[in-house]
Every structure is written in structure tokens, then in C-alpha cells.
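Look at the chain below and follow its strands before its helices. The walk goes from the sheet to what packs on the sheet, and then to the side chains.

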Amino acid sequence: MHDSHDVAVHEVLDGPFTTRQLLRLDDALSKADRATGFTFSVYVGDISEPIREGAEKLHARLAHPANSVLLAVAPEQRQLEIVTGSQARKRLSDRDCKLAALSMAAAFGGGDLAGGIVSGLAQLTGLAGKPS
């Protein structure tokens with residue numbers, strides 16, 4: 001019998017990322033959180049249809065949705081959604097998110113899922129700026 005932590009670790013290890021990529025993603029998330037004051041999260045997997053609503057439901061389950069930004073990536077569905085909470089939206093416009101999504105999609109098209117996410121996080125961090 002496995003406890004839930006063992007299952008979560010097993011799922012991560014069987015996921016689309018190498019240990020090195022997971023470390024890069026964790027570092028990028030930490031930097032984004034520190035620099036902006038928001039909480040950034042990444043979800044990779046299937047998203048229930050319609051995709052936007054599915055991503056918004058995932059975002060709503062975060063600890064502090066108003067101050068959170070979710071990058072929801074569904075590689076098998078070829079979908080990407082960036083969901084911003086009410087406070088995050090004040091500093092990250094739809095246009096900002098579309099710009100980040102375009103650069104992420106270009107990396108994904110080249111087969112670099114982790115690199116695309118890291119790049120998108122860096123771009124969103126720069127666009128959001130520091131908390132006032």
C-alpha cells in the first residue's frame with residue numbers, strides 16, 4: 001500500500017519532465033513568485049472541455065486564486081491556457097498573456113515543453129513587474 005505522497009512522486013517521475021527539467025521549472029516558479037508577489041502554478045495534463053472553463057476550474061482550486069497565475073498546458077490536446085486571478089489581472093493583461101503564450105507555443109512546437117514553460121514564466125514575470 002502506498003501513501004498519497006508516494007503516488008504523487010511516482011506520477012511526477014513518470015511525467016513528461018526529467019529531474020533536471022523539474023528543477024528548472026521549480027526554480028522558474030520560485031523566481032516568478034518572489035519577483036511579482038503572485039503565486040505561479042503550472043498544470044500539465046488533460047484539461048476538461050471546454051478548455052478555458054476547465055483551466056478556470058483548475059485555477060479556482062488554488063490556495064489563493066485572486067493572487068495566482070496558472071499556466072495550464074495540455075500537450076495531447078495541443079492547448080495552452082493562462083489564467084490570472086483578479087489581483088494578478090491588474091498587472092498582467094490579456095495581451096501580456098497572449099504574448100507569453102505565443103512564445104511558449106513556439107517552444108512547444110519545437111518539442112521543448114519545459115523550456116517553453118520556463119520561457120513563459122520569465123516573460124510573464126517581466127511583464128507583471130514588481131508589486132507596488
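Val73 has Leu80 of β3 as its bridge partner. In this predicted model, that pair belongs to a set of six bridges joining β2 to β3. The two strands run antiparallel. They form a hairpin with four residues between the strands. Arg78 takes a positive phi there, near 55°.

Now cross to the other side of β2. Strand β2 covers residues 68–74, and six bridges join β1 to it. Here the strands run parallel. Ser41 stands opposite Leu70 in β2. Put the two pairings together and the sheet is complete. It is open, has three strands in the order β1-β2-β3, and its pairing is mixed. The edges are β1, residues 39–44, and β3, residues 79–84. Each edge strand pairs on one side only. Neighbouring strands are turned by 10° against each other on average, direction ignored.

In general, strands of a sheet pair through backbone hydrogen bonds, either parallel or antiparallel. Side chains in a regular strand alternate between the two faces of the sheet.

Which helices pack on the sheet, and which strands do they touch? Helix α4, residues 94–109, packs on the sheet and touches β2 and β3. Its direction makes about 150° with that of β3. Helix α5, residues 113–128, also packs on the sheet. Helix α5 touches β1, β2 and β3. The direction of α5 makes about 155° with that of β1.

Is edge strand β3 enclosed or open to the outside? Five of the six residues of β3 are buried, so the strand is largely enclosed by the rest of the structure.

Go back to Ser41 for a view from the other edge. This serine sits in strand β1. Its relative accessible area is 18%. The cut-off for buried is under 20%, so Ser41 counts as buried. What does Ser41 touch, leaving aside its neighbours within four places in sequence? The contacts are Leu29, Leu62, Val69, Leu70 and Leu71. Leu70 thus appears twice: as a contact of Ser41 and as the residue opposite Ser41 in β2.

Next comes a loop residue. Phe17 lies between α1, residues 4–13, and α2. Phe17 is buried, with a relative accessible area of 13%. Leaving aside neighbours within four places in sequence, Phe17 is in contact with Leu22, Leu25, Val44, Leu113, Ala114 and Ile117. Take Ala114 from that list. Phe17 and Ala114 are 97 residues apart along the chain. Their C-alpha atoms are separated by 7.0 Å.

Turn to the charged side chains. How many salt bridges are there? The count comes to three.

One of them joins Asp27 to Lys31, with the closest N and O atoms 3.2 Å apart. Both residues are in helix α2, residues 19–36. They are four residues apart, and are therefore separated by about one helical turn. Asp27 is partly exposed, at 37% relative accessible area. Lys31 is partly exposed too, at 45%.

Arg52 takes part in a network of salt bridges with Glu56 and Glu81. Start inside helix α3, residues 51–60, which holds both Glu56 and Arg52. The two lie four residues apart, about one turn of the helix. Their closest N and O atoms are 3.1 Å apart. Glu56 is partly exposed at 36% relative accessible area, and Arg52 is partly exposed at 35%.

Arg52 also forms a salt bridge with Glu81, the closest N and O atoms being 2.7 Å apart. This pair links distant parts of the chain. Arg52 is in helix α3, Glu81 is in strand β3, and their positions lie 29 residues apart in numbering. Is Glu81 buried or exposed? At 15% relative accessibility, Glu81 counts as buried.

Finish on the surface. Leu99, Leu102 and Leu127 make a nonpolar patch of about 260 Å². Leu127 belongs to helix α5, the helix that touches β1, β2 and β3. Leu127 counts as partly exposed, at 33% relative accessibility.

Terms used. Residues numbered from 1 in each chain as written. Predicted model: local features only at pLDDT ≥ 70, side-chain atom pairs only at ≥ 80, totals over all residues. Heavy atoms only, no water. Pairing = 2+ DSSP bridges. Axes fitted to C-alpha atoms, helices over the stretch in contact; angles between N-to-C directions. Contact = heavy atoms within 4.5 Å. Salt bridge = Lys/Arg side-chain N within 4 Å of Asp/Glu carboxyl O. Buried < 20%, exposed > 50% of the residue type's maximum accessible area, 1.4 Å probe, protein only. Patch = residues over 30% accessible without salt bridge, like charges linked within 9 Å, V, L, I, M, F, W, Y side chains within 5 Å. Areas by Shrake-Rupley, 256 points an atom, 1.4 Å probe, with all protein chains shown as cover.
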